[in-house]
Amino acid sequence: MVTGAERTVTVCLVFLLLLTLTVGAFAAYNPGTYVAEVRGHNGPIKVSTTFGSDAITSVEVLEHKETAGVADPAIERLPRQIVEHQALGLDTVSGATITSYAILAGVSSCVKQAGGDVDALRAKVIKETPGPRITKTADVVIVGAGGAGIAAAMSAVENGASVIVIEKNASIGGNTLISGCAWNAANPALSSQTPAAAGLNQKLQSFLEMEETELPPEFRPTLRILKEQIETYLAGDTSMMFDSVELHMIQTYLAGKRQGLDGTTIEGSFDFIEILCRKSLETQEWLKKTAGTVFRDRLGEPIGSLWKRSNGPVNKWEDFFVKPAKYITDNGGEILCEVTGKELIVEDGRVVGVEAVMADGTPMELFGTKGVVLATGGFGGNTAMVLEYNNYWSDLDPNILTTNRKEIVGEGIVMALAVGADLTGMGYTQLMPIGWADTGLLAGGGGSNVMYINQEGRRFVNEYAERDVISKAAFANGTLFYELKSLGTATTPESHVVFIADTLDEMAAKLGCDPAVLKSEVERYNSFVAQGYDPDFGKTSFTDPIEPPYMARAMKPSIHHTMGGVKIDTDCHVLNKDGKIIPGLYAAGEVTGGIHAGNRVGGNAIADIFVFGRIAGANAAKGK
Ligand SMILES: Cc1cc2nc3c(=O)[nH]c(=O)nc-3n(C[C@H](O)[C@H](O)[C@H](O)COP(=O)(O)OP(=O)(O)OC[C@H]3O[C@@H](n4cnc5c(N)ncnc54)[C@H](O)[C@@H]3O)c2cc1C
């Protein structure tokens, strides 16, 4: 029998229990705004999260160093989705995976600070459901929206075609957007305003001494013209740079001629090299005129460029992507992001479209009545594929890192193969000697103002040589090496292996090498800078001596550019294994092979993608 007093106690206990449960259920967080700093792709990201007692009310990315265009969709989308779904089990944004993880990690840290349950929020997985199949038709369908795809779309709309561009990432840009955007074009107006580096005339002299028989017959008239140009230049004022299309052509040919591990030789074809070099400046002018792209109009020389002839956009996201995309859409083109091309649709032997899939799984078929352009980039983000085809690097480490975005995996090559395309140069992959030793990402910089030293502090190569020459020398010197320069000639990036020292003794201690060796190597190198002549390794471009304070960056070669790919003709038609055109199929950019042969000149890829992207788009628009 329950007494009245006992009943009162029981009611009170139940009330208390309910109160506790209720408060517990609603007070999921200690209200307030919490801030967390996490590591993003390029550096720290500061995320703030505001909580009410029972919900996340806002998420904001306060500060970041991520690449404009690449990370924007993640920075815009994830904070919104976290608040909308009150969940952390969200998909990362394609093309911005690291930024996505960083934002999710930052919010997780804020949830913890607010006393919330991170595991419960992570367990709430949000998945979208696919819709019914979508069919779309245009004159031209372009797969991939890096530089080549964007150039192809611009020239296709310029030639009156309706265009659909599909891009698998959440944002356009591809590798082009993370590149240095150094674009080689012989530009006498700029080179005649650019002081000539010490050593330059010696290099020019070597072309005067070159025998015509060192080149295939089709290049010999080019060498003859070049010799005349050089003689005229050397007879006049040599204080400013010399440059010409012919010099660019000969350098591109020589740098590309290489022997594979199987003993065969690969070399660039005259026709491709001539188009690349002759149309490069004109294509910059075309971008200025059509899209309003603004160039820096100051010449640069990325590593392995062999000459100071690269120009670049003032702002790569705005000038190479935002403005051109506006030109495309203003002229009736459509750009669809987060749509992945899966296979080419062939009817009666002609490529007529692309089977694709949207991020939520919705199937899509896109028909291009006049043509389909593959512009999916190379396969530098796909180490397994690089190793599978490798015919150049002996003992390539399967754990080698890459400078590429991880989405650049060669899908266009696989799609083209499936419809009978021929491939060329697949075994030749360019390694970037100055990859950051810790991440493999591109460290950037040129060869004129630096000394490369091995772990003993000894200089081991011509820093102005081709990238494969430097990478091979690095492998022969223990793979890890240091780029030493005057701090005054450097921009110091954060979060990588960088050493700074006021004296060479201090630097030697930091690098773990013998100070006497380092001092004598620097002294010797500086004497070469003063005389503009390097008897040790034949360097021919010196801009700065190595002076205190010093900076050393730890470098290792990493996968950078895949020279091989789909075989095309000079109109950008894709060819089959019999050398015949596959009707309806065009390709441009790093998805193609042959243009750079066995080794690409630094700064020639951006020229390639815009020059040949433009050609592919125009020909597809005309159904040529
Ligand atoms: C870090 C770095 C720096 C570089 N710097 C320079 C430089 O300064 N100068 C120079 O000359 N070269 C440079 N290069 C090389 C140059 O950037 C590339 O060769 C060039 O950008 C390739 O352009 P692309 O348009 O062919 O391919 P990308 O720009 O890679 O674009 C290909 C696009 O296709 C998309 N795609 C792929 N598959 C599919 C699919 N199945 N469906 C839909 N879309 C798809 C990709 O997501 C990507 O957006 C650099 C490369 C790297 C990695």
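User: Let me start with one residue: is K46 buried, partly exposed or exposed?

Analyst: Happy to help! Bear in mind that this is a predicted model. A residue counts as buried under 20% relative accessible area and as exposed over 50%, with partly exposed in between. K46 has a relative accessibility of 27%, so it counts as partly exposed.

User: Which residue does the side chain of K46 meet in a salt bridge?

Analyst: To read such a pair, look for a side-chain nitrogen of Lys or Arg within 4 Å of a carboxyl oxygen of Asp or Glu. Here the partner of K46 is E63, with N to O at 3.9 Å. K46 belongs to strand 2 and E63 to strand 3, so this salt bridge ties together parts that lie 17 residues apart in sequence. E63 is partly exposed too, because its relative accessibility is 46%.

User: Those strands sound like part of a sheet. What is the strand order, and how are the strands paired?

Analyst: The sheet is open and has three strands in the order 1-2-3, paired antiparallel. Strand 1 (32-39) and strand 3 (56-63) are at the edges with a single partner strand each, so one side of each has no neighbour in the sheet. From one strand to the next, the twist averages 20°.

User: How many bridges join strand 2 to strand 3?

Analyst: Six bridges join strand 2, residues 44-51, to strand 3, and the two run antiparallel. You can find T49 opposite V59 of strand 3.

User: Which helix packs on the sheet?

Analyst: That is helix 3, residues 97-113, which touches strand 1, strand 2 and strand 3. The direction of helix 3 makes about 140° with that of strand 1.

User: Back to salt bridges: how many does a search of the whole structure find?

Analyst: The search finds 30. One of them joins R133 and E355, whose closest N and O atoms are 3.2 Å apart. R133 sits in the loop between helix 4 (118-123) and strand 4 (134-143), while E355 is in strand 12 (residues 350-358), so the pair ties together parts 222 residues apart in sequence. R133 is partly exposed at 44% relative accessible area, and E355 is partly exposed at 21%.

User: And where do E411 and K168 lie in the chain?

Analyst: E411 is in helix 15 (residues 411-418) and K168 is in the loop between strand 5 (163-167) and helix 6 (174-178), 243 residues apart. Their side chains meet in a salt bridge of 2.5 Å, N to O.

User: Which residues are linked in a network of salt bridges?

Analyst: Look for R459, E463, D534 and K539, which are linked in such a network.

Technical notes. Residues are numbered from 1 along each chain as its sequence is written. This is a predicted model: local features need pLDDT of at least 70, side-chain atom pairs count only at pLDDT 80 or more; totals for chains, interfaces and linings use all residues. Side-chain values use heavy atoms; hydrogens and water are left out. Two strands pair if DSSP finds at least two bridges between them. Helices (H or I, at least four residues) and strands (E, at least two) are DSSP runs, numbered from the N terminus. Axes are lines fitted to C-alpha atoms, for helices over the stretch in contact, and angles run from 0 to 180 degrees between N-to-C directions. Contact means heavy atoms within 4.5 Å. Buried means under 20% relative accessible area, exposed over 50%, partly exposed in between (1.4 Å probe, protein chains only).
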